Amino acid sequence: LPHPGNSEKIKPRCAERRMKSSMLPAIAVSLLAFGLAGCGHAEPPVPTPVRRSVSVATASNAGTDWPCFLGPTHDSKSSETGILTDWPDTGPPVVWQCPLGISYGIGSVTGGHYYQFDRYGDEARLTCLDAATGAFLWKFGYPTDYEDHLGYNNGPRCSPVIDDGRVYLFGAAGMLHCVSAENGSLLWKVDTAERFGVVQNFFGVGSTPVVEGDLLIVTVGGSPPECRDAGRYNMDMVRSNGTAIVAFDRRSGELRYAAGDELASYAVPQLATVDGRRWGFLFARGGLIGFEPSTGAIDFHFPWRARVHDSVNAATPVVVGDEVFITETYGPGSALLRVKPGGYDVVWQDPPGRDKAMQAHWNTPIHHQGYLYGSSGRHKSDAELRCIQWNTGKLMWSEPRLTRASLLYADGHFVCLGEDGTLRLVEATPEEYRCKAEVRLRDESTEEPLLREPAWAAPILSHGLLYLRGRDRLVCLRLIPDNDGVRQPRQSLSLDGRR
């Protein structure tokens, strides 16, 4: 492999090797959001494609696409303004909704299309819908027999990534696909587990790839052949073969480089420009790697992992200027580093003991005007929404009993989705917790909740529409009114576009 500083030859292994395992504490991966359904989800009727009637841009006359996990700026922050802050008891108007297959991730929006990655039976499937109406457009699928041995669902964990007319999919078993964003035709694919010798970890593959120039940067974390039979109880014996970070040519799928002596985590690689230089930051299983994304050259490795055997790192690094924030929930908590070529300085880090500034689980905190907001806590019962000072870690306020929650920033507020399905609008202020609205979305006819627990996916906002995901349903709300003030009627659809 063209791997800086490592010429070790990597031998393939079976991508679907089943590892010995047992039940873990209730967590999941970066999770980008998760549900606990099994693989017996009913197969929907074979869909009949329909023509897209109106684009999202036409419907809202403003706004931006949301082409990847955490949005176009990779920080779960939207630039759109004019959101509804005075919600009725039923919440913002529902534009459309539809049932989903088995998965943990929410979709992505580009060019008036909504792309959702789920599993139906033994097929992992990308479904393309009209983003404004929910009407079915096309699908792409491939066979999978991935089995999660720790009791979580067997569907994808990652969100689709859309770039330059292509959609990139990273399945739970490590299958990487590139398909046309226009019609779903296959362009290339790589079985990363087989090619790089990945030992199945606690929750399968859960780190969404990122695009950097002509590269697709993927968290792989392969191991040498002697580690291939490791299971849950001896994961600490698994070693890296220098493929923590693997970069592919985004057009052809050809390997460009592999780097990093680390295993995979569930955090998404973060890219940023610091003092005129491009950086990549990967919060891997054992700590933070700082690297040059164009070449894979490693600048530093900052160890940051709990001693708990079953611990994982799942929150994506937050970058502000030349500083990088990382957080986990199993032990050490949080740290803020100031990076420089070849190294870093520690600005602050949580001390040993229980007093931690922030212990985010899978949900990535959001920086806003010198403060960091996020859900802190390992379990549903002890999680609380917190605001801390960025440069010191000082706690400004905390609000308990909201369950573990995911945030989206928009127009001076946070859209806060609790894992129990409760939707809140919280003012983005360090002064105190100010909840402007709170609602449980319900079906008009049955009064049943539309978002069933666990609702772990971070909300997304694109062209005025707010997309939310519960265990088995996608709900699209009108968060920013149309220019003419007319709100679209409520629609309920299946994935084949039927009402």
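The following exchange between two people walks a newcomer through a predicted model of one chain.

Colleague: How many helices and strands does the secondary structure of the chain come to?
Modeller: Before the elements are counted, it helps to know that the chain has 499 residues, of which 64% are buried. Among contacts between residues at least 6 apart in sequence, 61% join residues at least 24 apart. As for the elements themselves, the secondary structure comes to two helices and 33 strands.

Colleague: Is strand S16 largely enclosed or exposed, and why?
Modeller: Strand S16 covers residues 277-283, and burial here means under 20% relative accessible area. Because six of its seven residues are buried, the rest of the structure surrounds the strand for the most part, and S16 is therefore largely enclosed.

Colleague: Which strands pair with S16, and in which sense?
Modeller: On the one hand, S15 pairs with S16 over five bridges, and Ala 272 stands opposite Trp 279 in S16. On the other hand, S16 pairs over four bridges with strand S17, residues 287-291, where Phe 283 stands opposite Leu 288. The partners are thus S15 and S17, and the sense is antiparallel for S15 and also for S17.

Colleague: Which residue in the turn of the hairpin formed by S15 and S16 has a positive phi?
Modeller: A hairpin also joins S16 to S17, through three residues, whereas the hairpin of S15 and S16 has two residues between its strands. In the turn of that S15 and S16 hairpin, a positive phi of about 50 degrees belongs to Asp 275.

Colleague: Which element gives the most to the lining of the largest pocket?
Modeller: The largest pocket has a volume of about 220 Å³, and its lining consists of 16 residues, with Thr 73, Asp 75, Gln 270, Val 319 and Val 320 lying nearest its centre. Two or more lining residues come from each of strand S15 (270-274) and strand S19 (318-320). With four residues, the element that gives the most is S15.

Colleague: What is the volume of the largest cavity?
Modeller: A search of the whole structure finds nine cavities of 30 Å³ or more. The largest cavity is lined by 21 residues, and those nearest its centre are Ala 172, Val 198, Gln 200, Gly 204 and Val 205. Its volume is about 180 Å³.

Colleague: Which residues have the most contacts inside the largest nonpolar core?
Modeller: In soluble globular proteins, nonpolar side chains tend to be buried together. The largest such core here has 40 residues, and the strands that each supply at least two of them include S2 (94-99), S28 (413-418) and S32 (465-469). A second, separate core of 21 residues includes Tyr 168, Leu 176, Val 190 and Val 246. In the largest core, the residues with the most contacts are Tyr 114, Leu 423, Leu 466 and Tyr 467.

Colleague: Which are the edge strands of the open sheet of four strands?
Modeller: The order in this sheet is S23-S24-S25-S26, with antiparallel pairing. An edge strand is one that pairs on one side only, and in this sheet the two that do so are strand S23 (366-368) and strand S26 (395-400).

Colleague: Which residue in S24 does His 368 stand opposite?
Modeller: Strand S24, residues 371-376, runs antiparallel to S23, and three bridges join the two. In S24, the residue opposite His 368 is Tyr 371.

Terms used
Residues numbered from 1 in each chain as written. Predicted model: local features only at pLDDT ≥ 70, side-chain atom pairs only at ≥ 80, totals over all residues. Heavy atoms only, no water. Pairing = 2+ DSSP bridges. Core = buried A, V, L, I, M, F, W, Y, C linked by side-chain atoms within 4.5 Å. Buried < 20%, exposed > 50% of the residue type's maximum accessible area, 1.4 Å probe, protein only. 1 Å grid on protein atoms, 1.4 Å probe; cavity = no way out; pocket = protein on both sides within 12 Å on 5 of 7 lines; lining within 4 Å. Points joined across faces, edges and corners; volume = space filled by probe spheres on them. Contact = heavy atoms within 4.5 Å.
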